[in-house]
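Me: I would like a close look at a single part of this model, with its surroundings described in one connected account. Please start from one pair of facing residues and work outwards from there.

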Amino acid sequence: MHFTHLDFKYDDEILKLHFENADYVDFKLSDPSKAQDKFFVHAPGWQICRDLNHIKEVKRIVTYFEMLFESAIRSQFFKQMAGCEIPYHHDGRPKCSINILLSEDNAPITFEDIGDVHYKCALLDVKKKHMIKAHDKDRWLFNLSILEKTYDECLERLPDTLRA
């Protein structure tokens, strides 16, 4: 399996408010030699904000999942601009991720071997090759990069009450 839908309660309005007012920079790898595609060397259509530590709701969510998975977690907002396609890749540092989509009418994540997956909040195996197709609307994503546990290890720790 590559994904698990989550029924996790979070304050969508607070996250959206902070998303809208965040300062973004174009995504680019710190080490361009590790780029799986030239897109990742500098991607002006894909923006990131890592300065989320001051947001109480982000701290609450990160702390909950760090305790549940016994893993360090890095949080960030990603903004995929309308018309931008993120090519096939697997994530470098995170072993898996929890993604929460804050926008509506989003392009799905597309896994190379299983195809399109639509979700609102999900645990994802980002070590599996995936991409995000271009769409006519911006895609707003709150991402929790789980740094020390694999998808399967997190899945084992996930209580049934969180599985949608």
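Reply: A suitable place to begin is W46, which stands opposite Q80 in β4. The model is a predicted one, and what follows should be read with that in mind.

The strand on the other side of this pairing is β3, which spans residues 43-49 and is mostly covered, with six of its seven residues buried. Between β3 and β4 there are four bridges, and the two strands run antiparallel. On its other flank β3 is joined to β2 by three bridges, again with an antiparallel course, and within that pairing F27 has A43 of β3 as its bridge partner.

These strands belong to an open sheet of seven, whose order is β1-β9-β6-β11-β4-β3-β2 and whose pairing is antiparallel. At its edges lie β1 (3-5) and β2 (25-27), each of which pairs on one side only. Direction ignored, neighbouring strands of this sheet are turned against each other by 30° on average. Strands of a sheet pair through backbone hydrogen bonds, and they may do so in a parallel or an antiparallel manner.

Further along the order, strand β6 (residues 96-101) is joined to strand β9 (residues 121-124) by four bridges, and these two strands run antiparallel. Within this pairing, L123 in β9 is the bridge partner of I98.

The residue numbered 96, with which β6 begins, is a cysteine that deserves a separate remark. The structure holds zero disulfides. C96 is accordingly in no disulfide, and the nearest cysteine sulfur, that of C154, is 3.6 Å away. Seen from the other partner, the sulfur of C154 has its closest cysteine sulfur in C96, at a distance of 3.6 Å, and is therefore too far away for a bond, given that a disulfide is taken here as a pair of cysteine sulfur atoms within 2.5 Å. C96 counts as buried because its relative accessibility is 0%, and C154 counts as buried with a relative accessibility of 0% as well.

Two helices have to be placed in relation to these strands. Helix α2 lies across β4, β6 and β11, and runs at about 35° to β11. The second helix to consider is α1, whose buried residues pack against α2 (56-69), β4 (73-80) and β11 (139-146). Strand β4, from which this account set out with Q80, is thus one of the elements against which the buried residues of α1 pack.

The buried residues of α1 are D12, L15, K16 and F19. They cover an arc of only 100° around the axis, and they therefore lie on the same side of α1. The face turned away from that buried side carries the exposed residues E13 and N21. At the start of the helix, a side-chain oxygen of D11 reaches to within 3.2 Å of the backbone nitrogen of E13.

Two members of the buried set carry charged side-chain names in the sequence and merit a closer description: D12 and K16. D12 lies in helix α1, which comprises residues 12-21, and D12 counts as buried because its relative accessible area is 19%, where the limit for that term is under 20%. Leaving aside residues up to four places away in sequence, D12 touches L102 and K120. K16, also in helix α1, counts as buried at a relative accessibility of 18%. With the same exclusion of residues up to four places away in sequence, K16 touches L102, E104 and W140. L102 is thus touched by D12 and by K16.

A final point of comparison is D116, an aspartate located in strand β8 (residues 115-117). The C-alpha atoms of D116 and D12 are separated by 24 Å, the two residues being 104 residues apart along the chain. Whereas D12 is buried, D116 counts as partly exposed, with a relative accessibility of 40%. Not counting residues up to four places away in sequence, D116 touches P108, I109, T110 and K133. Two of these contacts involve polar atoms of side chains: the side chain of D116 makes a polar contact with that of T110 at 2.6 Å, and another with the side chain of K133 at 3.0 Å.

Note on methods: Residues are numbered from 1 along each chain as its sequence is written. This is a predicted model: local features need pLDDT of at least 70, side-chain atom pairs count only at pLDDT 80 or more; totals for chains, interfaces and linings use all residues. Side-chain values use heavy atoms; hydrogens and water are left out. Buried means under 20% relative accessible area, exposed over 50%, partly exposed in between (1.4 Å probe, protein chains only). Contact means heavy atoms within 4.5 Å. The arc is that of the directions from the helix axis to the C-beta atoms. A polar contact is a pair of N or O atoms within 3.5 Å; within protein, one must be able to donate a hydrogen and the other to accept it, and residues adjacent in sequence count only if both atoms are side-chain atoms. Two strands pair if DSSP finds at least two bridges between them. Axes are lines fitted to C-alpha atoms, for helices over the stretch in contact, and angles run from 0 to 180 degrees between N-to-C directions.
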